[in-house]
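Biologist: I am new to this structure and should be grateful for a close look at one part of it, namely the way its helices and the loops joining them fit together. Please take me through it step by step.

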Amino acid sequence: MKNSSYAYRKFEELCKQREVTPYQVAIGTDNKVSTTVLSQWKKGDYNLKIEKLSAIANFFGIPVTEFIE
């Protein structure tokens with residue numbers, strides 16, 4: 001099952017727009033958000049805490065509120 005949350009859809013959209021992979025995001029967050037966590041999030045098996053969403057937002061240079069519907 002794929003995660004259909006707004007936050008995850010926004011993450012996928014940003015990755016596509018910026019042409020980056022989840023692996024590149026993990027590296028770009030200094031592994032604050034691991035590829036394992038991103039994979040679990042994609043499957044809907046994990047809900048990211050604000051600290052991890054914040055790290056992703058910083059990677060993309062956007063406010064964390066962009067992940068909130």
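Modeller: Glu-19 lies in the loop that joins α1 to α2, in what is a predicted model. With a relative accessibility of 71%, above the 50% limit, Glu-19 counts as exposed. Its backbone also deserves attention. Most residues other than glycine have a negative phi. Glu-19, although not a glycine, has a positive phi of about 55 degrees. A second case occurs in the loop between α2 and α3, where Asn-31 is found. Asn-31 is not a glycine either, and its phi is positive at about 60 degrees.

Positive phi values are also found at two glycines that follow helices. Gly-44 comes after α3 and has a positive phi near 85 degrees, while Gly-61, just after α4, has one of about 70 degrees. The loop between α3 and α4 also contains Asp-45, which counts as exposed at 58% relative accessibility. Asp-45 is 42 residues from Asn-3 in sequence, yet their C-alpha atoms are 8.1 Å apart in space.

From the loops one may turn to the helices that they join. The largest nonpolar core has 20 residues. α1 (6-18), α2 (22-28), α3 (35-43) and α4 (50-60) each give two or more residues to this core. The residues with the most contacts inside the core are Phe-11, Val-25, Leu-38, Trp-41, Ile-56, Phe-60 and Phe-67.

Ile-56 offers a useful view of the core. Residues up to four places away in sequence aside, Ile-56 touches Phe-11, Val-25, Thr-29, Val-33, Leu-38, Trp-41, Leu-48 and Phe-67. Ile-56 is itself one of the buried residues of α4, together with Leu-53, Ala-55, Ala-57 and Phe-60. The cover over these buried residues of α4 includes α1, α2 and α3.

α3 can be read in a similar manner. Its buried residues are Val-37, Leu-38 and Trp-41. These residues lie on the same side of α3, because they cover an arc of only 100 degrees around its axis. The elements covering them include α1, α2 and α4.

The packing of α1 against α3 can be described in more detail. Two packed helices are described by the angle between their axes and the distance between the axes. For α1 and α3, the angle is about 120 degrees and the axes are 10 Å apart. Angles over 115 and up to 145 degrees count as oblique, and α1 and α3 are therefore oblique to each other. Their crossing is left-handed. At this meeting, α1 contributes Ala-7, Tyr-8 and Phe-11, and α3 contributes Leu-38, Trp-41 and Lys-42. Phe-11, Leu-38 and Trp-41 were already named among the residues with the most contacts inside the core.

One further residue of α1 completes the picture. Lys-10 is placed in this helix, and its relative accessible area is 14%, so Lys-10 counts as buried, under the limit of 20%. Apart from neighbours within four places in sequence, Lys-10 is in contact with Glu-66 and Phe-67. Phe-67 is also touched by Ile-56 of α4.

Notes. Residues numbered from 1 in each chain as written. Predicted model: local features only at pLDDT ≥ 70, side-chain atom pairs only at ≥ 80, totals over all residues. Heavy atoms only, no water. Core = buried A, V, L, I, M, F, W, Y, C linked by side-chain atoms within 4.5 Å. Buried < 20%, exposed > 50% of the residue type's maximum accessible area, 1.4 Å probe, protein only. Helix = DSSP H or I, 4+ residues; strand = E, 2+ residues; numbered from the N terminus. Contact = heavy atoms within 4.5 Å. Arc of directions from axis to C-beta. Axes fitted to C-alpha atoms, helices over the stretch in contact; angles between N-to-C directions. Parallel < 35°, antiparallel > 145°, perpendicular 65-115°, else oblique. Left-handed = near helix turned anticlockwise from the far one by under 90°.
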